[in-house]
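Student: Could you take me through one part of this model in detail? I would like to follow the charged side chains and see where they lead.

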Amino acid sequence: RSHKLPLFLYEEGMDQQHLQKLHILKSLKQALSLNDGQLQMYYQPKKNLSTGKVDKAEALIRWFHPQDGFIPPDVFIELAEQTGLIGQLTDWVILQVLEHVAVWRRDNIDLQVSINISAQDLSRDGLVTFIEQKLQRLQLRPADICLEITERDMMQDEEKSLQQLQIFRDRGFSISMDDYGIGYSALSKLARMPVDEIKIDKCFILNLAETHEDQIIVRSTLTMARELGLSVTAEGVENQASEEWLVASGCHYIQGYFLCRPMAFDKVSPWLTDFQQ
Ligand code: C2E
Ligand code: CA
Ligand code: CA
Ligand code: CA
């Protein structure tokens, strides 16, 4: 894996690093079983550039540890993946998100919410049934949910991932290929992937308006997506210049700090009301 742990985990040498990991894991297991509010789902809106409306959002997990403070998902998600805890974490995420979506539906807030899924989640046989049962209980539809899987994860266990994604898609779930552009997948493979959306990685978007190379990549991705009938979301839109460039180039959705930072569940409804005015 090319993901790097943040520097603070390396500071005191390898033993310290190992202990640190064990500590995080133990605390994460505890947080999951206590379910006492340490873990929370945050939501970041996505703006539809053809309507100007916010009709989608991405669910992002937050962990506020009572002693250690905020622990970024990049740190503990990878650990959870390495140790098999990710299944339990993903189940928790799904339950939280579906309950939140159900509340929004009751309040007439129509957001399609995307959930981040790891390669390991896809290889679990019960996942489709698990989600479908919860959806049914809450009177929600698969189309209310989008599953985001990174380009790299999709390519990791190709056959199985493809099969599972196809099943989800056949059942009506939306599928998004996350972090597109840094996973080095062949174009021939991409065309066969059962996906509805491509999310261009933020490294191509952050300085888009002043970086010619990024513009070439984004423009060609948009052209290819159009040919394949896929929707494109640009993530990491931090300024107006990026947004204007993306509007002019026919990008479908934008997500980023310029529109809004990820926010707690109860902040979403008031934010939407504000945004619409
Ligand atoms: P991701 O799926 O690529 O999520 C997008 C990340 O970009 C989020 O970081 C988001 O807060 C951040 N972001 C959004 N707008 C901007 C912007 O304008 N500029 C910059 N610089 N960053 C922006 P976050 O929340 O720290 O999550 C990091 C990663 O952790 C996610 O990357 C995803 O891979 C993973 N993750 C987060 N929540 C979950 C989850 O519930 N389940 C799983 N399996 N993974 C998750
Ligand atoms: Ca994502
Ligand atoms: Ca991403
Ligand atoms: Ca990422």
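Tutor: Happy to. Lys 47 and Glu 243 are both buried, and that pair makes a good entrance. Keep in mind as we go that this is a predicted model.

Lys 47 and Glu 243 form a salt bridge, with 2.9 Å between the closest N and O atoms. The two residues come from distant parts of the chain: Lys 47 sits in strand S1 and Glu 243 in helix H10 (residues 240-248), with their positions 196 residues apart in sequence. As background, side chains of opposite charge can pair when their charged atoms come close.

The neighbour in sequence, Lys 46, has a salt bridge too, and its partner is Glu 148, at 3.6 Å between the closest N and O atoms. Here again distant parts of the chain are linked, since Lys 46 belongs to strand S1 (residues 39-48) and Glu 148 to strand S5, 102 residues apart. Lys 46 has a relative accessible area of 1% and is therefore buried. Glu 148 also counts as buried, because its relative accessibility is 1%, under the 20% limit.

A further pair to look at is Lys 199 with Glu 235, whose side chains meet in a salt bridge at 3.9 Å, N to O. Lys 199 lies in strand S7 (residues 197-200) and Glu 235 in strand S8 (residues 231-235), so this contact ties together parts that are 36 residues apart in sequence. Both Lys 199 and Glu 235 are buried. Through shared partners, salt bridges join Lys 46, Glu 58, Glu 148, Glu 197, Lys 199 and Glu 235 into one network. For the whole model, the count comes to 13 salt bridges.

Now follow Glu 148 and Glu 58 out of that network, and you arrive at a metal site. The calcium ion (ligand 2) is coordinated by Glu 58 (OE), Asn 116 (OD1), Glu 148 (OE) and Asp 178 (OD), at 2.2 to 2.3 Å. Along the sequence, these donor residues follow the spacing E-x57-N-x31-E-x29-D. Asp 178 has a second role, as it bridges the calcium ion (ligand 2) and the calcium ion (ligand 3), which lie 4.0 Å apart. Asn 116 in strand S4 (residues 112-116) and Asp 178 in strand S6 (residues 174-180) are 62 residues apart, so this pair of donors links distant parts of the chain. The two differ in burial: Asn 116 is partly exposed at 31% relative accessibility, whereas Asp 178 is buried at 6%.

Right after Asp 178 in the numbering, Asp 179 deserves a glance at its backbone. Asp 179 is found in strand S6, and its phi is near 50 degrees, a positive value in a residue other than glycine. For comparison, most residues other than glycine have a negative phi. With 16% relative accessibility, Asp 179 counts as buried. Asn 35 also has a positive phi, of about 50 degrees, without being a glycine. That residue is in the loop between helix H1 (14-34) and S1, and is partly exposed at 44% relative accessible area.

Strand S5, the home of Glu 148, also leads to the nonpolar interior. Strand S5 (145-150) is among the elements that cover the buried residues of H5, along with helix H3 (86-106), helix H4 (119-122) and helix H7 (158-170). In helix H5 (residues 127-137), the buried residues are Leu 127, Val 128, Phe 130, Ile 131, Lys 134 and Leu 135. They lie on the same side of H5, because they cover an arc of only 165 degrees around the axis. Gln 136 and Arg 137, on the other side of H5, are exposed. After H5 comes Gln 139, with a positive phi near 55 degrees.

One of those buried residues, Ile 131, touches Ile 94, Leu 98, Phe 168 and Phe 173, leaving aside residues up to four places away in sequence. Ile 131 is also one of the residues with the most contacts inside the largest nonpolar core, which has 80 residues; Val 97, Leu 111, Phe 168, Val 218 and Leu 246 are the others listed. H3 gives the most to this core, with 10 residues.

Note on methods. Residues numbered from 1 in each chain as written. Chains lettered and ligands numbered in written order. Predicted model: local features only at pLDDT ≥ 70, side-chain atom pairs only at ≥ 80, totals over all residues. Heavy atoms only, no water. Buried < 20%, exposed > 50% of the residue type's maximum accessible area, 1.4 Å probe, protein only. Helix = DSSP H or I, 4+ residues; strand = E, 2+ residues; numbered from the N terminus. Arc of directions from axis to C-beta. Contact = heavy atoms within 4.5 Å. Donors = N, O, S within 2.8 Å, 3.2 Å for Na, K, Ca; no water. Core = buried A, V, L, I, M, F, W, Y, C linked by side-chain atoms within 4.5 Å. Salt bridge = Lys/Arg side-chain N within 4 Å of Asp/Glu carboxyl O.
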